[in-house]
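Colleague: Before I plan anything at the bench, I would like to go through this model with you, one question at a time.

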Amino acid sequence: MSDLEVRQLRYFVAVAEELHFGRAADRLGMAQPPLSRAIRTLERHLDVRLLERTTRKVELTPAGEALLRDARTALDAVAAADRRARNAGRPAPGLRLAIKADYDAGLLPLILAAYQPHEAALPVELTLGGRGDQDPALRDGRADVAILPAPFDRHGLDSEPLLTEPRLVAMAAGDPLAARASLRLADLAGRSLPDGTFADMEGRPSGPAREGAEAPPPRGARSWDLAQIFNLVELGDIIWFLPVSLARRYPRPGVAYRTVTDLAPSELHIAWPRDCRSRAVAAFVDAATTVAAASSPRLDGRPRMTG
């Protein structure tokens, strides 16, 4: 049997994710008939049925579900190899660092200063994204190393913890609960976080224990930046859990930061692809862990409350 082609896998993943040949064809920028022929050719090639087709719907077979999992991994690996080779082959390659703005506990300037003198150091290029964007960037080759909060998908990655720091709740300064010095998660029952989940569940799915209750939808979209989140907090639409280091950076008169005694702390990690052999990445990881070890004591103290 000959090897599968990247093009075949890309076509199949589009159909498997859309479960509709017309939408998959539009997504791929091609006509539907050649896409249908390509999927039939793939099935003949594998000697297995991947999709069950009727006039009303398309469904994955068990073989199709298995191929979808592996095809996604294979396509990510191909894309990553392409990006990493292009970066390494540039006249002046750089170290691409994936990070969410302000989610570095204030360590990034110190890490860069410790990294730059290393003989293996490369110019650092920031790849900024939202929360949850960092680990995919490592897997698909858009980044070489990442600083990111836990939890994250560790599949295919190695990582080291940098530091653990307390989290606070941010709420409107006029909120009745802001009159208290400290709270418990139970006090926040029914309050909504920026992603719409319940605060007392710490962002976990509500499940049957909530007896069908639904979190009230805050205003606007869910892909908010920090300024939008703070505005919504000030309006009382949402509350927000954030690390102490981030609260210290953003004192606002309309926002009160309070301790939640049973709120899990924030964990910051550095991560990189498991098969990475880059001396530049190794030097950056060493600089980051060294700086974090020296800096963690200053994050253990009680933050100054505002609001």
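Modeller: Since we will come to helix packing, let me begin with the convention that axes are lines fitted to C-alpha atoms, for helices over the stretch in contact, with angles running from 0 to 180 degrees between N-to-C directions. Please keep in mind throughout that this is a predicted model.

Colleague: At what angle do the axes of helix α1 and helix α3 cross, and are the two helices roughly parallel or roughly perpendicular?

Modeller: The axes of α1, residues 6-18, and α3, residues 32-46, come within 10 Å of each other and cross at roughly 110°. Angles of 65 to 115 degrees count as roughly perpendicular. The crossing of α1 and α3 falls in that class, and the two helices are therefore roughly perpendicular.

Colleague: How many nonpolar residues does the contact of α1 with α3 have?

Modeller: On the α1 side the contact is made by Q8, Y11, F12 and V15, and on the α3 side by L35, A38, I39 and L42. Sorted by class, the contact of α1 with α3 has no charged residues and one polar residue, while the number of nonpolar residues is seven.

Colleague: Which element supplies the largest share of the largest nonpolar core?

Modeller: That core has 25 residues, and those with the most contacts inside it are L107, V145, I147, I270 and F284. At least two of its residues come from each of β3, α5, β5, β6, β11 and α9. The largest share, nine residues, comes from α9.

Colleague: Which residues does F284 contact, leaving aside its neighbours within four places in sequence?

Modeller: F284 is among the residues with the most contacts inside the largest core. Beyond its sequence neighbours, F284 is in contact with L95, L97, I111, L112, Y115, V124, V145, I147 and I270.

Colleague: Is R96 buried or exposed?

Modeller: R96 is found in strand β3, which covers residues 95-99. Its contacts beyond four places in sequence are with R83, R84, N87, E125, T127, G141, R142, A143, D144 and V145, and a polar atom of the R96 side chain lies 2.7 Å from the backbone oxygen of G141. Buried means a relative accessible area under 20%. The value for R96 is 8%, so this residue is buried.

Colleague: What percentage of the residues in the protein is buried?

Modeller: The secondary structure comes to nine helices and eleven strands. Of the 307 residues in the protein, the buried ones make up 42%.

Note on methods: Residues are numbered from 1 along each chain as its sequence is written. This is a predicted model: local features need pLDDT of at least 70, side-chain atom pairs count only at pLDDT 80 or more; totals for chains, interfaces and linings use all residues. Side-chain values use heavy atoms; hydrogens and water are left out. Helices (H or I, at least four residues) and strands (E, at least two) are DSSP runs, numbered from the N terminus. Buried means under 20% relative accessible area, exposed over 50%, partly exposed in between (1.4 Å probe, protein chains only). A polar contact is a pair of N or O atoms within 3.5 Å; within protein, one must be able to donate a hydrogen and the other to accept it, and residues adjacent in sequence count only if both atoms are side-chain atoms. Contact means heavy atoms within 4.5 Å. A nonpolar core is a set of buried Ala, Val, Leu, Ile, Met, Phe, Trp, Tyr and Cys residues joined through side-chain atoms within 4.5 Å. Angles under 35 degrees count as roughly parallel, over 145 as roughly antiparallel, 65 to 115 as roughly perpendicular and the rest as oblique. Ala, Val, Leu, Ile, Met, Phe, Trp, Tyr, Cys and Pro count as nonpolar, Asp, Glu, Lys and Arg as charged, and the others, Gly among them, as polar.
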